[in-house]
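Here are some brief notes to read alongside the model. They take the ligand site and then the sheet.

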Amino acid sequence: MRRIVILFGPPGIGKGTVGKILSERWKLPLISMGDLLRDNVKNSTSIGKTAEEFMKKGELVPDSIVFEALNDRVKQADASTGFLMDGFPRNLSQAEMFEKIVNEKDSVVLLNLIAQDSILIERLSLRRICKNCGAIYHLKNIPPKKQGVCDICGGELIQREDDRPDVILRRLEVFRNETNPLINYYQGRHRVMAVSAGDNPDNILKRIEELKLWEQKDPTKLKK
Ligand code: AP5
Ligand code: MG
């Protein structure tokens, strides 16, 4: 059985931030589709060259590109006991593709992280990431010890290209129109749990731990 958690939620909700901590606690790799694509862009691969055009505008990258990146990643040895999925699936065809990756022995949970748009916009506007290792900071909420420098690797902190105000609004719109409706697809198919995620990371993590995900029987399995 693999433990598979879909970290679901809009841009800026904290999928990367909370995901990193849960990954360490639960000893499951965090597979971030955004990070995989950004690595491809950085390395100028063929995936990266196509993806960049879409990412700059806040649009979804074509499914075929995303599938290619994901397929390689989930087959790696560290994902054999499960993984946390950040940023996938984002539309119906991706959700259908995901069903081909999981099997009935897997325990799949979708954590639906929720907060108001005003909070998301504030978080994204002041986000900085490490150019080198991708660590995530926020100028006010989660600042680095030394301004402009990554605490972990000493790399330079930069603003993501898609964190410009117009692109942030477009990403929120794409989430509302194409991604959020997937909740209906998942209800009854896998466990879906809503988590209020508008306050500080410690509170969010506490709420997630209180769900006791790995102590519960999977109700979707009981039906079979
Ligand atoms: P992706 O990188 O996944 O971006 P996103 O979904 O827009 O989400 P973000 O990474 O912006 O936010 P997050 O939820 O991870 O928040 P974070 O932890 O950083 O995707 C980027 C692009 O790639 C897409 O637009 C698309 O083009 C493409 N793409 C990716 N996946 C795809 C797919 N499946 N199909 C097609 N295209 C795809 O936190 C945000 C900020 O808030 C940080 O500054 C952080 O420090 C701060 N913060 C976090 N939590 C808290 C908290 N609790 N309190 C205060 N501050 C907080
Ligand atoms: Mg992220």
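1. A polar contact here is a pair of N or O atoms within 3.5 Å; within protein, one must be able to donate a hydrogen and the other to accept it, and residues adjacent in sequence count only if both atoms are side-chain atoms. A backbone N or O atom of lysine 15 sits 2.9 Å from an oxygen atom of ligand 1. Side-chain N or O atoms also reach ligand oxygens: arginine 160 at 2.9 Å, arginine 171 at 2.5 Å. The protein buries 97% of the 1,000 Å² that ligand 1 exposes when taken alone (Shrake-Rupley method, 1.4 Å probe).

2. This is a predicted model: local features need pLDDT of at least 70, side-chain atom pairs count only at pLDDT 80 or more, and totals for chains, interfaces and linings use all residues. Residues are numbered from 1 along each chain as its sequence is written, chains are lettered from A and ligands numbered from 1 in the order written, and side-chain values use heavy atoms, leaving out hydrogens and water.

3. Which element gives the largest share of the shell around ligand 1? H2 does, with 4 residues. Helices and strands are DSSP runs (H or I, at least four residues; E, at least two), numbered from the N terminus.

4. Five strands form an open, parallel sheet, ordered E2-E3-E1-E4-E8. Strands count as paired if DSSP finds at least two bridges between them. The edges are E2 (30-32) and E8 (191-196). E2 joins E3 (residues 82-86) through 3 bridges. Serine 32 stands opposite aspartate 86 in E3.
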